[in-house]
Amino acid sequence: MDLQFLGTSAGVPTKARNVTGTAVIEATGSHWYLVDCGEATQHQLLHTSLSIRDLRGVFITHVHGDHCFGLPGLLASAGMSGRTEPLDLITPAALHDWIRLSLAVSQTFLTFELRLLAVEALGTWHNDNIQVSTVALSHRVPSHGFVFTEINPEPRLDIQRLDAEGIPRGPLWGELAHGNPVVHDGRRLNPQDYLRASRPARRIIVCDDNDTPGLLAEVAKDVDVLVHEATFTQPLIERTQATFGHSTAAAVAQFAEQAGVKNLVLTHFSARYQPNPQRSPSIADVHQEALAHYRGNLILAQDLRRYHMARDGRLA
């Protein structure tokens, strides 16, 4: 799986960073999923190879505007692009009426079925390739993280089973390998029964606003990538004596180290952290604070940067 960040700023955009949006891209590179949709997310998409037509699900962590104000525009553009595939939109239930009203008063008529699902009652969501589960987080309003798990990654034919059942090599095998059902001796063969994963499934956790990283302890076991907000650094929190419902780089890094997280990606940085390390406070302060507590593969997300997971499990 790949990750591409459409926005990495907290609260408000900056010249270098848009507000929150994260694309989780299937290993095949064709289908993708969006976690949060801050204002201008669809503008950011124009600078990527991602297509709205290939979007398979949208997941919104909580109701704050920097995580959802881009939704009406994104949906309208999806309709104008000629999309016909149904789209699942998983959000807090409180946003459902707002989404419907935004589309209604703007006379936006979608060319596809929009399926609104409440994150509070989701449990798990899946299609043929990805399963998504939720984890409750701690913020000033109810907030959820999402755990993406591959289903049957890079499937290959189960040759032993095919031979054992006497299914002849040739076109039938080819159809099954491409995920198509076939009929043999009057029996319908489903491809999922004859395809086996060629490697272990990968898991990615994507969290935005959360002031208690420890809530991820159970789902973070053996996770390949943790994407988590690091809005502030510890000195600022100590000065203000308030977390504002957010985590520091130190808190997230300490948790990731204890949990044995292989790849830690920090995002959702306060606009006060300048890109120029010569100015203070700067994003370099966030990086140094996290490095002091975490020995794994640390990445500070950048807008539009795409990160690929190599076969050895390292994100780069």
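This note sets out points on the annotated binding-site residues in a predicted model.

1. The unreviewed UniProt entry lists Asp66, His67, Asp209 and His268 under "binding site". These residues are spread over 203 residues of sequence, yet they cluster in space, with a largest C-alpha distance of 10.7 Å.

2. Two of the listed residues, Asp66 and His67, belong to one loop. Asp66 lies between β5 (55-59) and α2 (71-80), and His67 is likewise found in the loop between β5 and α2.

3. Asp66 has a relative accessible area of 13% and is therefore classed as buried, the cut-off being under 20%. His67, at 0% relative accessibility, also falls under that cut-off and so counts as buried.

4. Setting aside residues up to four places away in sequence, Asp66 touches Ala10, Gly11, Val19, Thr20, Gly38 and His268. Of these, Gly11 also provides a polar partner: its backbone nitrogen lies 3.0 Å from a polar atom of the Asp66 side chain.

5. With neighbours within four places in sequence again left aside, His67 is in contact with Thr20, Asp36, Cys37, Gly38, Ile60, Thr61, His62, Asp208, Asp209 and His268. The side chains of His67 and Asp36 are joined by a polar contact of 2.7 Å.

6. The contacts also link members of the annotated set. His268 is touched by Asp66, and His67 is in contact with both Asp209 and His268. Thr20 and Gly38 appear among the contacts of Asp66 and among those of His67.

Terms used
Residues numbered from 1 in each chain as written. Predicted model: local features only at pLDDT ≥ 70, side-chain atom pairs only at ≥ 80, totals over all residues. Heavy atoms only, no water. UniProt positions renumbered as here; feature names shortened; annotations may be inferred. Helix = DSSP H or I, 4+ residues; strand = E, 2+ residues; numbered from the N terminus. Buried < 20%, exposed > 50% of the residue type's maximum accessible area, 1.4 Å probe, protein only. Contact = heavy atoms within 4.5 Å. Polar contact = N/O pair within 3.5 Å; in protein donor to acceptor, adjacent residues only side chain to side chain.
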